[in-house]
Amino acid sequence: MEMRNWPRKHWIYESVVFLFILSLIGCDALEQAQQRRNKRLNPNFTQQNPPTSVQSATASLTNQPAPSFTLQDLNGNQVSLADFKGKPVILNFWTTS
């Protein structure tokens with residue numbers, strides 16, 4: 001009886017496990033690089049963008065009811081925020097130049 005030199009049966013499983021471990025190592029390296037980048041950029045960000053009075057005013061409005069206002073909808077009708085009292089409202093303010 002002649003014995004053939006076939007590849008081992010579990011080479012696919014071993015390859016998958018190897019790739020999985022390699023991807024975990026890569027993810028960890030990527031996360032550490034991102035943390036180093038954030039540490040490096042954070043001081044520069046705070047120096048370039050100091051807190052403004054708008055940010056402090058916004059912080060004072062946190063957890064407060066929205067101020068009442070009236071806007072015009074796409075059909076030209078006046079719509080007030082008070083019209084939606086007790087209902088969830090999503091506002092999307094945008095502009096074009």
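## Exercises on a predicted chain

By class, eleven nonpolar, three polar and one charged residues line the largest pocket. Here Ala, Val, Leu, Ile, Met, Phe, Trp, Tyr, Cys and Pro count as nonpolar, Asp, Glu, Lys and Arg as charged, and the others, Gly among them, as polar. The model is predicted: local features need pLDDT of at least 70, side-chain atom pairs count only at pLDDT 80 or more, and totals for chains, interfaces and linings use all residues. Residues are numbered from 1 along each chain as its sequence is written, and side-chain values use heavy atoms, with hydrogens and water left out.

**Exercise 1. Describe the largest pocket and its lining.**

Step 1. Take the volume: the largest pocket holds about 370 Å³ of space. A pocket is an open set of points on a 1 Å grid over the protein atoms alone, where a 1.4 Å probe fits, with protein on both sides within 12 Å along at least five of seven lines; lining residues have an atom within 4 Å of a point. Points are joined across faces, edges and corners, and the volume is the space filled by probe spheres set on them.

Step 2. Find the centre. Of the 15 lining residues, Phe69, Leu71, Gln72, Leu91 and Phe93 are the closest to it.

Step 3. Assign elements. Strand 1 (70-72) and strand 2 each give two or more residues to the lining. Strands (E, at least two residues) and helices (H or I, at least four) are DSSP runs, numbered from the N terminus.

**Exercise 2. State where confidence is lowest and highest in the chain.**

Step 1. Start with the average: the chain has a pLDDT (confidence per residue, from 0 to 100) of 78. At least 70 is scored by 72% of the residues.

Step 2. Go to the elements. Helix 2 (residues 53-60) is lowest, at a mean of 66, and strand 2 (residues 78-80) is highest, at 91.

**Exercise 3. Place Ser80 in its surroundings.**

Step 1. Ser80 belongs to strand 2.

Step 2. Beyond neighbours within four places in sequence, Ser80 contacts (heavy atoms within 4.5 Å) Ser68, Phe69 and Thr70.

Conventions. pLDDT is the predictor's confidence in each residue, from 0 to 100.
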